[in-house]
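Me: I am new to this structure and should like to learn how its features are read. Could we go through them one at a time?

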Amino acid sequence: MTTQQDYLWTLNFGPQHPATHTTLRLVLKLDGERVVDAVPDIGYLHSGFEKIGEHLDYNQYVTVTDRMNYVSPMANNVAWHHAVEKLLGIELTPRCKYLRVIVAELARISDHLLCVGAMGLDVGAFTFFLYGFYEREKIYDIFESLCGARFTNSYTRVGGLLHDITPVTIEQIRDFLRRLPATLSDMERLLTRNRIFMDRMQGVGVLTAHEAINRGVSGPVARASGVTRDLRKDEPYLAYNDFDFQVCCTRAGDCYARFLVRIHEIRESLKIVQQAIENLPAGPVNVGADERVGLPDKQQVYQTIEGLITHFELVMTSRGFSVPCDEVYGAVEAPNGELGFYLVGDGSNVAYRARCRPPSFINFALFPHLICGHTLSDVVAVLGSLNIIAAELDR
Amino acid sequence: MALETPDNVIVTRLDALASWCRKNSLWPMPFATACCGIELMATGASRHDLARFGAEAMRFSPRQSDLMIVAGRVVMKMLPVLQRIWQQMSEPKWCISMGACASTGGVFDTYAVVQGIDRFLPVDVYVPGCPPRPEQLLQAIIDLQDKIEREGTVSGQEFEHREPVRALRELPILGQTPEMRSRGLRT
Amino acid sequence: MRVDRLEADPTLSDGGAIVDVLQKVTDALRQRCAGVTFSVFRQDTRVWVPRESLYEVLRFLQQEWGFDMLVDITCVDYLHYRGATDRFGMVYQLCNTGDNVRLTVRVMLNEPDLTIPSVTSLWEAANWLEREVFDMFGIRFECHPDLRRILLPPEFTAHPLRKDYPLQGRGERHNFTALTREGG
């Protein structure tokens, strides 16, 4: 075997390379231009998120979850608090559910815009990337008027949200919904039927449905291979039952299919946000003071005894909300796939173990299987289509 | 371009010219690791355009750039890579540490994250924020341009004989013995 | 609270269809393998199996009950947990994508014997997930094709997610040479 392997050339790809979407490393064994083997080497952004989860409160840790999948931080916040509220057994108010759906879908649009933009950029289409980024700036403006931060906004809290939405933000969202379809059509006209793009993306990195399930893949990568699994429809959480939208799937399983699934998912998310913003229920956004999990408003604290007691119980040191001593797994459909948190509660308001099940980690394990036999230029195309976010990969 | 001038010759107009050229054509090398990388991309995108300040070509090769923007947290597995890339850049070179994680470790005071790249690399400008707004990064580039204008010499003398400056003043840690301190341990 | 048999919960919103399937699965498991206990919490069903029967149980679940997706493998270190009897608890999250049923399989391990059979031959997803558990906790997987550290550098010696390892580490993150302007 050694004589046969002598002519194979080892190429180190990353960890600092423009096409690797931040820090991941691939050691490629090439036979001329063909990739014979690809060994991924990850961990160049491993920051110890799960260890931090054992030292921070349930409300403090949401700031850290922002930094996981940093292109759609709202989705991570929603996922974290979904798991925490499952552990605590809290039922949210309808308004809070609708607002969380709105921000999660806006985060999905933002993630998919960046992913398809980066796919275009990696194969050479810079204008497409800039169009996508311009729309993302509008989403950043919406988030900024909603909660103050462009991204890494820790907007959710246990039992509710940081602030309620204001009419200014609602108007901005409506304006965004009016303008995005036109830009999206422009973007599609640039690349979707483009001969060069199709030649580079079709037939590259094919994943069958059976392989996808066996390798634990979820999200757009699985849906592009024909696995019709979407947690928003299969295990509805928040208010997804109230909305009419479709799950986008294709059968081809190649990079072009993943691109198409993401573009269509942006349109479906627009539909969901449209329905949610028009039918936003009135009412309080945080759960009531009786649940003893959310800080009550100042009026209640100064004027009612329950508000005062709740505030005291939550804020004084070595008090805080009480959590059952048990374990739970809560998952949502993040833009990348199934993002789940496995939480072990031990009675205090600091998690005993906060495990994040990262979709990028599972998707990246696919890479050696997908790239075998393709050429060096396809490495970039496949890597872009899997949407690997290094911070979620390494945590 | 670095002219070798004898020590008793000072060229001020040439220094000013060289600094003006260098500061208005800083080609950044984005060493983007995490969330700050996205804000760096947003700074280079069309709304906050970095190219207006001369940073037109975002070169990903260290050999062709003169400004390294370290955006995002650097973990101990990545640090040797960062140092090697810094060494591959040719003089004159500057470094901007963008974000709280690159400057001091940020939110991540954990076993894996380096608590400030200035422990291991010379940094010129720090940008606070988590992540810093694009306007803050543009301000940092402008500040770096002012620094180059003030201190720049054509022969690169400002890069010699400089004491490394730490971003964070180390506070005394209770319970830390001198032996632990010399070994750099906190606990 | 672990029990030997699951009881159907009539208050569930889906009419208990998923619970029926789980009922059948747990009955079949009880007949198949001794020492299996169950519990339900917030509609999550957990099964505790002894380590020797783990591979057989997972193979049975995959091939005869259609749990075709392995969602997650992780581990919890119960060193500082009040009332814990074993130190390490492995967690295997399984999902039947056809019927949309989730199941969690737990195995408890104790020192010094921290080895467990690998399930890479059943689900390819287990490859990297088990490498991560090895990296973070030090649990060895028998018959794993490539068991080495995945997230931390290979020269790192400790297993950081264990409870006896401090958050700030033991000085590994400071152990590098500093470059200066003259030198670098």
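Reply: We may begin with burial: a residue counts as buried when its relative accessible area is under 20%. The model shown here is predicted. In chain B, 52% of the 187 residues count as buried.

Me: What does chain B expose, and what share of it do carbon and sulfur atoms supply?

Reply: The exposed surface of chain B comes to about 8,800 Å², with 55% supplied by carbon and sulfur atoms.

Me: How many helices and strands are there in chain B, and which pattern do they follow along the sequence?

Reply: Chain B has six helices and four strands. Their order along the sequence is α-β-α-β-α-β-α-β-α-α. Among contacts in chain B with a separation of 6 or more, 75% join residues 24 or more positions apart.

Me: How many residues of chain A and of chain C are in contact, and what area do the two chains bury between them?

Reply: On the side of chain A there are 46 residues in contact with 47 residues of chain C. Together the two chains bury about 4,000 Å², and 53% of this lies on carbon and sulfur atoms.

Me: How many salt bridges are counted between chain A and chain C?

Reply: The count is nine. One of the salt bridges pairs A:Glu235 with C:Arg102, and their closest N and O atoms are 3.1 Å apart. Polar contacts across this interface number 33 residue pairs, with both residues at pLDDT 80 or more.

Me: Which element of chain A gives the largest share of the side that touches chain C?

Reply: That is strand β6 of chain A, residues 327–334, which contributes four residues. By residue type, this side of chain A divides into 22 nonpolar, seven polar and 17 charged residues.

Key:
Residues are numbered from 1 along each chain as its sequence is written. Chains are lettered from A and ligands numbered from 1 in the order in which they are written. This is a predicted model: local features need pLDDT of at least 70, side-chain atom pairs count only at pLDDT 80 or more; totals for chains, interfaces and linings use all residues. Side-chain values use heavy atoms; hydrogens and water are left out. Contact means heavy atoms within 4.5 Å. Buried area is the accessible area (1.4 Å probe) that two parts lose on being put together, summed over both. A salt bridge is a side-chain nitrogen of Lys or Arg within 4 Å of a carboxyl oxygen of Asp or Glu. A polar contact is a pair of N or O atoms within 3.5 Å; within protein, one must be able to donate a hydrogen and the other to accept it, and residues adjacent in sequence count only if both atoms are side-chain atoms. Helices (H or I, at least four residues) and strands (E, at least two) are DSSP runs, numbered from the N terminus. Ala, Val, Leu, Ile, Met, Phe, Trp, Tyr, Cys and Pro count as nonpolar, Asp, Glu, Lys and Arg as charged, and the others, Gly among them, as polar. Buried means under 20% relative accessible area, exposed over 50%, partly exposed in between (1.4 Å probe, protein chains only). Accessible areas come from the Shrake-Rupley method with a 1.4 Å probe; for residues, only the protein chains shown count as cover.
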